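Please open the model in your viewer and keep a selection prompt at hand. The tour below proceeds one selection at a time and says what is to be found at each stop.

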Amino acid sequence: RRTLARTDGPRAAARVRCPRPMPPLPAMSAAPARVHNLAAARAQFGDLPDRLVPALFRGDPLADAAVEHLATCPDNHARVEAALRDPERAEGPLGDLLASVAGLPPWADLARVERGCHLFLRAGVFGGFVLGLRSLVIGYAAPAGNKPLAFSGQLRERAPRRLAETARFVAAVCEHGGLLPGGEGRQIALKVRLMHAQVRRLLLRHPRWSTDAWALPVNQHDMVATSLLFSQVFLDGLRLLGL
């Protein structure tokens with residue numbers, strides 16, 4: 001019954017509608033090997049696969065440019081911390097990245113964000129159960145999407161720290177005001193963007209990385225799937241527990 005990519009994360013990712021036009025899908029032979037049953041997906045979902053699959057080759061241009069520049073700076077960690085403390089003084093590609101998120105996007109609905117934060121906090125320990133035993137497990141069941149994590153060895157050699165960092169990130173994002181300018185969740189999210197860009201940079205230079213098989217490391221398709229894991233899959237798990 002799965003009609004797009006059995007290694008692409010939740011089936012619901014094939015039904016996400018993107019707010020901006022996406023480029024046409026390359027010839028079927030140009031799609032990464034991780035994509036399966038594309039013809040059947042087109043038959044079932046119309047143009048949605050053609051809009052979704054190209055995101056497998058999309059990175060984060062602003063963060064990628066910032067990381068490429070920071071690679072030439074001996075004190076890059078200090079530069080990032082200083083820029084996050086005072087974004088208006090940040091220069092170069094890092095300044096461009098921070099300027100792009102100086103405010104809130106026009107579609108942001110703070111009332112809905114607050115309701116989401118309230119729901120997350122109200123779930124309490126049950127929310128932790130769902131995140132650890134459903135959201136993460138479903139995400140880790142996507143081999144191609146998890147290749148960057150496998151290459152890093154974080155879950156093999158530093159699993160407790162890796163999971164603790166994820167938990168802190170999720171909690172900070174869901175705290176009241178966490179996504180507002182200056183909020184801890186917003187700051188961590190920016191660091192995660194830079195970390196993902198650094199992972200992309202390293203893996204694309206790695207002799208064992210296969211873009212033909214796995215697409216771009218930490219691509220926008222997999223970001224959408226991850227968002228679904230911590231939203232729709234999270235809600236489904238709470239409902240299964242009776243909340």
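**Charged pairs**

In this predicted model, the count of salt bridges comes to twelve. Begin by selecting Arg 79 and Asp 75, which form one of these salt bridges, with the closest N and O atoms 2.9 Å apart. If you colour the two by accessibility, Arg 79 counts as partly exposed at 39% relative accessibility, and Asp 75 counts as partly exposed as well, at 37%.

Next select Arg 168 together with Glu 184, a salt bridge in which the closest N and O atoms are 2.8 Å apart. This pair links distant parts of the chain, since Arg 168 sits in helix α9 (residues 159–174) and Glu 184 in helix α10, 16 residues apart. Arg 168 counts as exposed, because its relative accessibility of 53% is over the 50% cut-off, whereas Glu 184, at 42%, counts as partly exposed.

Now move to helix α13 (residues 232–240), where Asp 236 and Arg 239 both lie, three residues apart, about one turn of the helix. Their side chains meet in a salt bridge, at 3.3 Å from N to O. Asp 236 is partly exposed at 28% relative accessibility, while Arg 239 is exposed, with a relative accessible area of 56%. Then select Glu 68, Arg 201 and Arg 205, which are joined into one network by salt bridges that share partners.

**A buried arginine**

From there, go to Arg 200, which lies in helix α10. Is Arg 200 buried or exposed? With a relative accessible area of 4%, Arg 200 is buried, because that value is under the 20% cut-off. Show its surroundings and, leaving aside neighbours within four places in sequence, you will find Arg 200 in contact with Gly 59, Asp 60, Asp 64, Leu 216, Pro 217 and Val 218.

**Nonpolar interior**

The largest nonpolar core has 14 residues, and those that touch the most other members are Val 80, Ala 83, Leu 84, Leu 94, Leu 97, Leu 98 and Leu 194. Colour the helices to see where the core comes from: α3 (61–70), α4 (76–85), α5 (92–100) and α10 each supply at least two of its residues, and α3 gives the most, with four residues.

Within this core, centre the view on Leu 84. Not counting residues up to four places away in sequence, Leu 84 touches Leu 98, Gln 187, Leu 190 and Lys 191. Apart from the largest core lies another core, of eight residues, among them Phe 120, Ala 123, Val 170 and Cys 174, which can be selected as a separate group.

**Aromatic pairs**

Hide the cores and display the aromatic rings; a search of the whole structure finds five aromatic pairs. One of them is formed by Phe 126 and Phe 129, an edge-to-face arrangement with 6.1 Å centre to centre and 90 degrees between the planes. Both phenylalanines lie in helix α6 (residues 110–140), three residues apart, about one turn of the helix. Phe 126 is partly exposed, with a relative accessible area of 39%, and Phe 129 counts as partly exposed at 43%.

Another pair to select is Phe 151 with Trp 209, which is edge-to-face, with 5.6 Å centre to centre and 65 degrees between the planes. This pair links distant parts of the chain, with Phe 151 in helix α7 (residues 147–152) and Trp 209 in the loop between α10 (184–204) and α11 (211–214), 58 residues apart. Phe 151 is partly exposed at a relative accessible area of 23%, whereas Trp 209, at 9% relative accessibility, counts as buried. Add Trp 214 to the selection, and you have one aromatic cluster made of Phe 151, Trp 209 and Trp 214.

**A nonpolar surface patch**

For the last stop, switch on the molecular surface and return to helix α6, selecting Val 125, which is found there. Val 125 is exposed, with a relative accessible area of 52%. Which residues form a nonpolar patch on the surface? Val 125, Phe 126, Phe 129, Leu 133, Leu 241 and Leu 243 do, with about 620 Å² of accessible area together. The edge-to-face pair of Phe 126 and Phe 129 therefore appears again here, as two members of this patch.

Key: Residues numbered from 1 in each chain as written. Predicted model: local features only at pLDDT ≥ 70, side-chain atom pairs only at ≥ 80, totals over all residues. Heavy atoms only, no water. Phe/Tyr/Trp six-rings, centres within 6.5 Å; stacked < 30°, edge-to-face > 60°. Buried < 20%, exposed > 50% of the residue type's maximum accessible area, 1.4 Å probe, protein only. Patch = residues over 30% accessible without salt bridge, like charges linked within 9 Å, V, L, I, M, F, W, Y side chains within 5 Å. Areas by Shrake-Rupley, 256 points an atom, 1.4 Å probe, with all protein chains shown as cover. Salt bridge = Lys/Arg side-chain N within 4 Å of Asp/Glu carboxyl O. Core = buried A, V, L, I, M, F, W, Y, C linked by side-chain atoms within 4.5 Å. Contact = heavy atoms within 4.5 Å.
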